[in-house]
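Visitor: I should like to examine this structure with you, one contact at a time. May we begin once it is displayed?

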Amino acid sequence: MTKEQINALNQQFKDASPIELITFFLDKYEDKIALSSSLGAEDQVLTQMVTSIKSDASIFTLDTGRLFPETYDLIDRTSKKYKTNIQVYFPQPTAVEAMVKEKGINLFFDSIENRKQCCNTRKIEPLKRAFKGLDAWICGLRADQSVTRSEIQLIEWDENNNIVKINPLAFWSEQDVWDYIDEKGIPVNPLHKKGFPSIGCQPCTRAIMEGEDVRAGRWYWENPDTKECGLHKK
């Protein structure tokens with residue numbers, strides 16, 4: 001897609017609902033589009049929306065090998081509730097073994113460089129495999145989640161992966177997300193009620209304190225402007 005086409009689509013759908021946006025792109029790309037889910041609250045909303053439109057829509061998640069037990073349980077509960085098969089992509093074991101052998105099991109605490117290497121090995125490489133054969137992906141980014149996401153659009157061109165990226169909830173508030181979850185009875189990670197608005201790998205995620213940014217608990221030892229794993233790199 002050209003920049004002009006992206007801009008035109010953003011203008012076309014600026015007042016559309018997430019359901020309308022998702023429906024358009026599921027019809028447009030058919031089997032060449034998938035929802036990438038981290039099992040967070042936003043992605044659970046999108047799972048409900050996507051499966052309500054197309055019951056056999058493609059949904060995948062990344063298992064880094066360091067997730068919370070509650071996240072694994074949610075994968076199972078979600079798959080059963082929506083009668084879907086969430087495809088799980090794992091990191092290459094030899095790459096993980098080599099990384100840990102060289103830098104240790106918790107290398108990510110030692111430097112941003114190490115943390116990004118771990119994210120690349122456990123998340124970015126599996127994501128690239130998940131993208132094979134796809135022309136578009138749907139994800140749950142919201143503009144008010146963090147300073148690194150404040151300028152996102154409904155439709156973007158993912159230059160790093162040469163694929164169209166759709167953010168149906170880009171302009172939703174956190175309250176919008178939870179209102180929809182309550183309305184539709186959507187299963188969510190129980191850690192959300194324990195102060196974890198954003199949930200990633202277990203050692204790299206903590207509960208947040210009152211008044212903190214919703215992503216303050218992710219890579220909590222780093223500055224806010226470095227807190228991305230690379231999945232959503234501009």
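Visitor: Which residues in helix 7 are met by A41, E42, V45, Q48 and M49 in helix 3?

Guide: The model is a predicted one. Helix 3 spans residues 41-53 and helix 7 spans residues 174-184. From helix 3, the residues A41, E42, V45, Q48 and M49 meet, in helix 7, V177, W178, Y180, I181 and K184.

Visitor: How do the residues of this contact divide into nonpolar, polar and charged?

Guide: The contact joins residues of helix 3, including Q48, to residues of helix 7, including K184. Its residues divide into seven nonpolar, one polar and two charged.

Visitor: Is helix 3 parallel, antiparallel, perpendicular or oblique to helix 7?

Guide: Their axes lie 10 Å apart, and the helices pack at an angle of about 50 degrees. Angles under 35 degrees count as roughly parallel, and 65 to 115 as roughly perpendicular. The angle therefore makes helix 3, relative to helix 7, oblique.

Visitor: Which strands stand at the edges of the open sheet?

Guide: The sheet has six strands in the order 3-2-1-4-6-5, with mixed pairing. A strand with a single partner has one side left without a neighbour in the sheet, so the edges belong to strand 3 (87-89) and strand 5.

Visitor: Which residue in the turn between strand 5 and strand 6 has a positive phi?

Guide: Strand 5 (residues 155-158) and strand 6 (residues 163-166) pair in the antiparallel sense over four bridges, with E156 opposite K165. They form a hairpin with four residues between them. The turn residue with a positive phi, about 55 degrees, is N162.

Conventions
Residues are numbered from 1 along each chain as its sequence is written. This is a predicted model: local features need pLDDT of at least 70, side-chain atom pairs count only at pLDDT 80 or more; totals for chains, interfaces and linings use all residues. Side-chain values use heavy atoms; hydrogens and water are left out. Two strands pair if DSSP finds at least two bridges between them. Helices (H or I, at least four residues) and strands (E, at least two) are DSSP runs, numbered from the N terminus. Axes are lines fitted to C-alpha atoms, for helices over the stretch in contact, and angles run from 0 to 180 degrees between N-to-C directions. Angles under 35 degrees count as roughly parallel, over 145 as roughly antiparallel, 65 to 115 as roughly perpendicular and the rest as oblique. Contact means heavy atoms within 4.5 Å. Ala, Val, Leu, Ile, Met, Phe, Trp, Tyr, Cys and Pro count as nonpolar, Asp, Glu, Lys and Arg as charged, and the others, Gly among them, as polar.
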